[in-house]
Amino acid sequence: PIATVGEPGEAGPSGNGGKPADTPTEKDEPEPEPTEQEAGAEAESESDSTGGNSDGKAKTAEKERVPADATAGSGDGERLKASPLARRIAADAGVDLRRIDGSGPGGRIIKIDVEAAAEAGTSREATESRPAKVEGGKGETETVELTRIQRTIARRMSESKATIPHFYLRTEVDMSRAAAVRAAFKAATDDGPAPSLNDIVVKATAAALREFPRANGGYKDETFELHSRINVGIAVATEDALIVPVITDADRKSLREIGAESRNLAERVRTGEITPPELAGGTFTVSNLGMFGVHGFDAVINPGQAGILAVGQAIERPVVRDGELTTGLMMDLSLACDHRILYGADGARFLAAIKAGLEEPGMLA
């Protein structure tokens, strides 16, 4: 060996008489970088020489700040050829030298090879955290990174289930009168499509929220936050996410206004034109999966709200009316409540008010 790379202030090997190595006058002054040619020459002597001071070789190996899996060997007994500067950059960037083809003399790995590998994302962290496909007992597994929206949904839903004590209330609603109201809208000569059954659910929910202010609030830091405006969010499914645009002041809008606004918001979500203000300010949420043939389900509360209403499919079922067996257009509702602000009886009365509005939609103002 003709040189040893040490740390500032570190005693050198016996070749310099045990005197301290030259150190910068200021602690924050950077250590001079050897040129690529100097580093290459040093590595050549270090790796190719069979004689010399074995003690110096040991000390040189000790002082190289290189991860164990990126240092001495390539796995087949042959030592990796890499300049000390390349090794140091690889150690700092977490680049595995075994994955790099050197462009220096004799295939030696030099500085530009490591920098190119780091920029290309071939560091150990990158390759381990973002494998494209993995072959194993489950077959070929593809890892797909979440979009920004999906990460937000995952974070908020995890927060909800971890911090909000959910309980669920369920009821069955006869939607026959609501369907008749929708048919009357269809038959009317007014322009525009008729409100959907979900629009009627939104209207009935908004009317019930006006009657039960705590359901239109939220729990925060040992306080109840009660909101003056009733803004109902409607969950809209996209190809790979769930977005909740908000119908503001839903209790003050007519069924036709709610229908027009909900269709416009859903279309803007699916085309990616929805804006942040249209997603903000929700005080309660309605989630409907009935169009997918789901009879009933339990939804997860959006953090900051007291509850969420899950709506199933309206389907013709046998019912008993006045002692007679007949059929009715029945629909299952499930109300998820935050037990910190809505207790059992509160939630039950609120759900009963929604049911009453749906079964007698003419009472909805």
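Which strands and helices do the buried residues of α11 pack against? Keep that in mind while you get your bearings; the tour comes to the answer at its second stop.

**Stop 1: the whole chain**

What you have open is a predicted model. Colour it by secondary structure and you should find 11 helices and 13 strands. The protein has 365 residues, and 35% of them count as buried. Switch on the surface: the accessible area comes to about 20500 Å², with 52% of that belonging to carbon and sulfur atoms. If you like contact maps, look away from the diagonal, since among contacts with a separation of 6 or more, 60% are between residues 24 or more positions apart.

**Stop 2: helix α11**

Select residues 344-359, which make up helix α11. A quick sanity check on its geometry: at 1.5 Å a residue, these 16 residues should span 22 Å, and the end C-alpha atoms are indeed 22 Å apart, so the two agree.

Now show side chains for D346, G347, F350, L351, A353, I354, G357 and L358, the buried residues of α11. Look down the helix axis: they cover an arc of only 150 degrees, which puts them on the same side of α11.

Here is the answer to the opening question. The buried residues of α11 pack against four strands and two helices to pick out in your viewer:

- strand β3, 166-174
- helix α7, 176-187
- helix α8, 197-211
- strand β10, 284-288
- strand β11, 307-311
- strand β13, 324-338

**Stop 3: a nonpolar patch**

Next, select F224, L226 and Y343 with the surface on. Together they make a nonpolar surface patch of about 290 Å². F224 sits in strand β5, residues 223-226, and is partly exposed at 37% relative accessible area.

**Stop 4: helix α4**

Jump to residues 111-119, helix α4, and pick out its buried residues D113, V114 and A117. Their arc around the axis is only 95 degrees, which places them on the same side of α4. Over on the other side, I112 and E119 are exposed. What do the buried residues of α4 pack against? Add residues 84-93 to your selection: that is α3, and they pack against it.

While you are here, show K111 and E115. Their side chains meet in a salt bridge, 4.0 Å from N to O. Both belong to helix α4, four residues apart, which is about one turn of the helix. K111 is partly exposed at 32% relative accessible area, and E115 also counts as partly exposed, at 33%.

**Stop 5: more charged pairs**

How many salt bridges does the structure hold? The count is 14. As background, side chains of opposite charge can pair when their charged atoms come close.

Select D298 and R170 for another one: the closest N and O atoms of this salt bridge are 2.5 Å apart. D298 is in the loop between β10 and β11, while R170 is in strand β3, so the pair ties together parts that are 128 residues apart in sequence. Is each partner buried or exposed? D298 is partly exposed, at 35% relative accessible area, whereas R170 counts as exposed, at 56%.

Salt bridges with shared partners also join D96, R98 and R99 into one network. Zoom in on the R98 to D96 link, where the closest N and O atoms are 3.1 Å apart. R98 is partly exposed, with 43% relative accessible area, but D96 counts as buried, at 5%.

**Stop 6: two backbone oddities**

Finish with the backbone torsions. Most residues other than glycine have a negative phi. Select D249, which has a positive phi of about 50 degrees although it is not a glycine. D249 lies in the loop between β9 (246-247) and α9 (255-270). Then select D322, another non-glycine with a positive phi, this time about 55 degrees. D322 lies in the loop between β12 (315-321) and β13.

Which of these counts as buried and which as exposed? D249 counts as buried, at 15% relative accessibility, while D322 counts as exposed, at 81%.

Methods:
Residues are numbered from 1 along each chain as its sequence is written. This is a predicted model: local features need pLDDT of at least 70, side-chain atom pairs count only at pLDDT 80 or more; totals for chains, interfaces and linings use all residues. Side-chain values use heavy atoms; hydrogens and water are left out. The expected span of a helix is 1.5 Å times one less than its number of residues. Buried means under 20% relative accessible area, exposed over 50%, partly exposed in between (1.4 Å probe, protein chains only). The arc is that of the directions from the helix axis to the C-beta atoms. Contact means heavy atoms within 4.5 Å. Patches are made of residues with over 30% relative accessible area and no salt bridge: like charges are joined within 9 Å, nonpolar side chains (Val, Leu, Ile, Met, Phe, Trp, Tyr) within 5 Å. Accessible areas come from the Shrake-Rupley method with a 1.4 Å probe; for residues, only the protein chains shown count as cover.
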